[in-house]
Amino acid sequence: MADIEIYLKEKLNPLYRVWYGAWVYWWPLWRSYISGPKIMKKWTELSLVKEGQYFLDFGCGTGDFTIPAARIVGRNGKVFALDCNPKQLEIVTKKARKAGVNNIETIPSEQQDNLADESIDIVWMCDVIHEIRAKREVLEEVYRVLKNRGTLIIYDSLKDKVVNYTDGLFTLEKQDGKLMKFLK
Ligand SMILES: C[S@@+](CC[C@H](N)C(=O)[O-])C[C@H]1O[C@@H](n2cnc3c(N)ncnc32)[C@H](O)[C@@H]1O
């Protein structure tokens, strides 16, 4: 990500830089106030996240789902916030401190091996899968850390195409628009 930022700063034309800047500032606002609450409503409708669960927010970004998940799982549960961008993890740590939640552990992508086999109840991947190049490799890693009969939820505009990547690892249990709930 740092490399991309340097590339954008140094190489791209000014117009593109303006567009990029707008996106960087606009996205967190849109996620926090518009799309995030709508997605969270689906959590409630489908009772996806429960007290006491071990929850992995894969590609957590700035933590718009990490903090609510930490509140729901409570002190008997735990949230692992994983991202390849260390800056995002710093933001999550600050937000968690501000929100007064202390059941979140941030994990940089390169340390995801530290997550034990079959230790997670629910993996949440929101608007991440389309960004990942080695999709199958990442999903195999998700398979490793999920408990048997654990849940993988993918929310992404790739929608139906996701089934090709999950084939043989997870079974699609439910689909609601962009949200797909899989079982290990
Ligand atoms: C569009 S943001 C979504 C953030 C958050 N899930 C949300 O919905 O608000 C995608 C996030 O995925 C992270 N990401 C992309 N590829 C990743 C990978 N291979 N491993 C971990 N994180 C990744 C990015 O750094 C970014 O924070």
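Reader: Let's start with α5. What covers its buried residues?
Author: The cover includes β1, β4, β5 and α6, the last of these spanning 162–166. This is a predicted model, by the way.

Reader: Which residues of α5 are the buried ones?
Author: L139, V142 and V145. They sit on the same side of α5, because the arc they cover around the axis is only 120°.

Reader: Why would residues spaced like that point the same way?
Author: An α-helix has 3.6 residues a turn, so residues three or four places apart point the same way.

Reader: And α3, which of its residues are buried?
Author: In α3, residues 66–73, the buried set is T66, I67, A69, A70 and V73. Their arc around the axis is only 160°, so they too are on the same side of their helix, α3.

Reader: What packs over them?
Author: The cover over the buried residues of α3 includes two helix and strand neighbours you can pick out quickly, α4 (86–99) and β2 (78–83). It also includes β1 (54–58), β3 (104–108) and β4 (120–126).

Reader: What comes after α3?
Author: G74 follows, and its phi is positive, near 70°.

Reader: OK, zooming out. How many helices and strands are there?
Author: Six helices and seven strands. Reading from the N terminus, the order is α-α-β-α-β-α-β-β-α-β-α-β-β.

Reader: How compact is the protein for its length?
Author: As compact as a globular protein of that length, because its radius of gyration is 17 Å, close to the 16 Å that the globule rule gives for 184 residues. Along the principal axes, the C-alpha atoms fill a box of roughly 50 × 40 × 30 Å.

Reader: What share of the residues counts as buried?
Author: 31% of the 184 residues. As for contacts, take those between residues at least 6 apart in sequence: 66% of them join residues at least 24 apart.

Reader: Now the core. How many residues are in the largest nonpolar one?
Author: It has 41 residues, and F55, L56, V123 and W124 have the most contacts inside it. The elements giving it two or more residues are β1, α3, β2, α4, β4, α5 (135–145), β5 (146–155) and β7 (179–183).

Reader: Which element gives the largest share?
Author: β4, with six residues.

Reader: What does W124 touch?
Author: Leaving out residues up to four places away in sequence, W124 touches F55, L56, D57, F58, F65, A69 and I153.

Reader: There's a V49 in a loop too. Where exactly, and is it buried or exposed?
Author: V49 lies in the loop between α2 and β1. It counts as buried, because it has 23 C-beta neighbours inside 10 Å and the cut-off for buried is 20 or more.

Reader: What does V49 touch?
Author: W43, F55, A69, I72, V73 and I122, again not counting residues up to four places away in sequence. P68 is 19 residues from V49 along the chain, and their C-alpha atoms are 9.8 Å apart.

Reader: S47 is in that loop as well, I think. What's its phi?
Author: Positive, about 35°, although S47 is not a glycine. S47 is indeed in the loop between α2 (14–45) and β1. With 7 other C-beta atoms within 10 Å, S47 is exposed.

Reader: Which loop holds D127, and what is its phi?
Author: D127 is in the loop between β4 and α5. Its phi is positive at about 55°, and D127 is not a glycine either. D127 is partly exposed, with 18 other C-beta atoms within 10 Å.

Reader: What about G100, buried or exposed?
Author: Exposed, with 9 other C-beta atoms within 10 Å. G100 is in the loop between α4 and β3. From G100 to E140 is 33 Å, C-alpha to C-alpha, for 40 residues in sequence.

Reader: Last one, the ligand. How many residues surround it?
Author: 18, and the closest are G59, G61, C84, N85 and C126. The shell divides into eight nonpolar, five polar and five charged residues.

Key. Residues numbered from 1 in each chain as written. Predicted model: local features only at pLDDT ≥ 70, side-chain atom pairs only at ≥ 80, totals over all residues. Near = placed C-beta within 6 Å. Nonpolar A, V, L, I, M, F, W, Y, C, P; charged D, E, K, R; others polar. Buried ≥ 20, exposed ≤ 12 C-beta atoms within 10 Å, placed from the backbone. Helix = DSSP H or I, 4+ residues; strand = E, 2+ residues; numbered from the N terminus. Arc of directions from axis to C-beta. Contact = placed C-beta atoms within 7 Å. Rg over C-alpha atoms; globule rule 2.2 N^0.38 Å. Core = buried A, V, L, I, M, F, W, Y, C linked by C-beta atoms within 7 Å.
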